[in-house]
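Here's a quick walk through one protein model, taking in how two of its parts meet and what sits around its ligand. Have a look at the structure before reading on.

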Amino acid sequence: MEAIERVLSELPQEIVTMDQDIVSAYTTDFRRQYAGTTSAVLRPRNVEEVQKIVRACAANHVGLVPQGGNTSYCTAATPSDRGDELVLSLERMNRVREIDAANLSLTTDAGIVLSELQQAASDADLMLPLALGSQQSCRIGGNLSTNAGGINVVRYGMARDLVLGLEVVLPDGTLYSELSPLRKNNSGYDVKQLFLGAEGTLGIITGVSLKLVRKHRQTVTAFLAIKEIASVASLLAQAQIQTGEAVTSFEYISDSSLQLLLQSKPNLRRPLQEASDHYVLLEVATASPVLDLEGAVSLLLAELFESGLITDGTIAASEQQRADFWHLRENIPEAEVHHGGSVKHDIAVRTSRLASFVERATEVVQDTTQDAVLSIYGHVGDGNVHFNVVPPASADRALFKRRFEAEISPKIYDIAYEMGGTFSAEYGIGRVKLELLTAYGAKGKVELMRTLKDALDPSDIMNPGKVVPKR
Ligand SMILES: Cc1cc2nc3c(=O)[nH]c(=O)nc-3n(C[C@H](O)[C@H](O)[C@H](O)COP(=O)(O)OP(=O)(O)OC[C@H]3O[C@@H](n4cnc5c(N)ncnc54)[C@H](O)[C@@H]3O)c2cc1C
């Protein structure tokens, strides 16, 4: 640990926190799956201090774990349990640097909390379309480093699609700064893409220029009961056509997920009178104050009902009712925790193959266990489904999860793989999916990743042990 002491002695003491009561909040991940340890958390106030930290770590070969809001679902932001790494939190670098309303862009420090950034855009009468369940805690640097998805991807794309420019401290402490909010810039390789989704393994993102969009003036939210999951693709197509591509969110909720939620929070109510096996939460929005969006959605629902694609549906009559619909969708992960947690599979396939994936994977689970609860939900407008398995109440949960992950999960991943899908739609690799990346990564990809990692971070100080499988 002498190396760590040398690093700490080179840094301004105001940015070093060694009090273990404070430090422990940075060493355990959000889902409490992994508890690491470190002697200090570093909280720089500006880019120069980040550079100073990285240079000191590089000189002393000390691993550095960048951290935003620590909401990673794959324990990517926590240090190892060996105590040989330091945590670098971006939380003090939380200043919006510039909003250019005419250019529809915003430039900010990477440590700002996502909901605060959304508010800054809204104050300028614009909108940042990145939105996810953890937005009160996650920070934009973390969102970029995980290439976060969320509820608006069907219309606005992943975090990567919103990035115009980036500022990164590289593993040797030098600065790559292309913080320009230009919409067109074909000057050489688009190197910023390397750092988006890299989970802190290639450098520390300190600033970003993001695209904004016009603020929505009308939003219509509907909760629909659908007869079968096979109809989601045509339902999405019809909704996009009827509303002039105004669909911002298209979320699937299985009745079993809804039931888990209603059991965990008995004060909540079903939004529709009759229960159905499948539901869709549909949201459409426009910046136009004059288009008749509600009329378009009412017509859509009537047509969907007539064609048998939906069996019931309701449009939120107030902002409160809209919030209630979203509350149901966003609290499913918490309901799973209430029931002892779940084995998670963050799958994406083409939307056209989604129903077939769910049917085949369901059969695999039901052939193995009749008592486990299948909690299936997700951003299906992007082909992303959270195919989660909640152990039976009577089971030894930890044992069930271990066995399931070892014996059944590979069969589920095999199905996704055969269908051209992925085992990691939006949560990333972290330290928990390294083996899956080796097994299911695209041809040549892991080798190329190793080449890039070796070239940029030859001493492997940037978030060691994550994302890039060892040779
Ligand atoms: C309730 C809940 C709902 C969620 N919903 C979604 C969802 O809908 N879609 C989705 O994609 N994810 C979702 N997530 C997962 C998580 O919130 C996202 O992955 C989020 O983008 C992580 O941001 P963070 O600031 O918490 O990053 P952290 O967890 O702190 O870090 C994530 C990774 O990025 C690295 N990192 C962090 N900051 C930087 C930086 N400045 N420079 C370089 N590397 C950095 C870390 O080392 C780590 O590898 C959800 C999580 C929760 C708890």
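## Where domains 2 and 3 meet

Between them, domain 2 and domain 3 bury about 700 Å², and carbon and sulfur atoms account for 54% of that area. On the domain 2 side, the residues that lose the most area to domain 3 are I151, V154 and R155, which together make up 74% of what that side buries. Keep in mind that this is a predicted model.

In terms of contacts, 8 residues of domain 2 touch 13 residues of domain 3. The C-alpha centres of these two domains sit 29 Å apart.

## What the contact is made of

How many salt bridges are there between domain 2 and domain 3? The count is 0. Polar contacts do turn up, though: 4 residue pairs, both partners at pLDDT 80 or more, are in polar contact between domain 2 and domain 3.

Helix α6, residues 153-156, gives the most to the side of domain 2 that touches domain 3, putting in 4 residues. By type, the residues on that side of domain 2 split into 4 nonpolar, 2 polar and 2 charged.

## The overall layout

Stepping back, the domain assignment of the protein lists four stretches: domain 1 (2-89), domain 2 (96-214), domain 3 (218-333) and domain 4 (340-427).

## Around the ligand

Now for the ligand. There are 34 residues around it, and P66, G68, G69, T71 and S134 come nearest.

Some polar atoms are worth picking out here. A polar side-chain atom of T146 lies 2.8 Å from an oxygen atom of the ligand. For H379, an N or O atom in the side chain is 3.2 Å from a ligand oxygen atom. With G142, a backbone N or O atom lies 3.5 Å from a nitrogen atom of the ligand.

Technical notes:
Residues are numbered from 1 along each chain as its sequence is written. This is a predicted model: local features need pLDDT of at least 70, side-chain atom pairs count only at pLDDT 80 or more; totals for chains, interfaces and linings use all residues. Side-chain values use heavy atoms; hydrogens and water are left out. Domain bounds come from an automatic or database domain assignment. Contact means heavy atoms within 4.5 Å. Buried area is the accessible area (1.4 Å probe) that two parts lose on being put together, summed over both. A salt bridge is a side-chain nitrogen of Lys or Arg within 4 Å of a carboxyl oxygen of Asp or Glu. A polar contact is a pair of N or O atoms within 3.5 Å; within protein, one must be able to donate a hydrogen and the other to accept it, and residues adjacent in sequence count only if both atoms are side-chain atoms. Helices (H or I, at least four residues) and strands (E, at least two) are DSSP runs, numbered from the N terminus. Ala, Val, Leu, Ile, Met, Phe, Trp, Tyr, Cys and Pro count as nonpolar, Asp, Glu, Lys and Arg as charged, and the others, Gly among them, as polar. A residue is near a molecule or strand if one of its heavy atoms lies within 4 Å of it.
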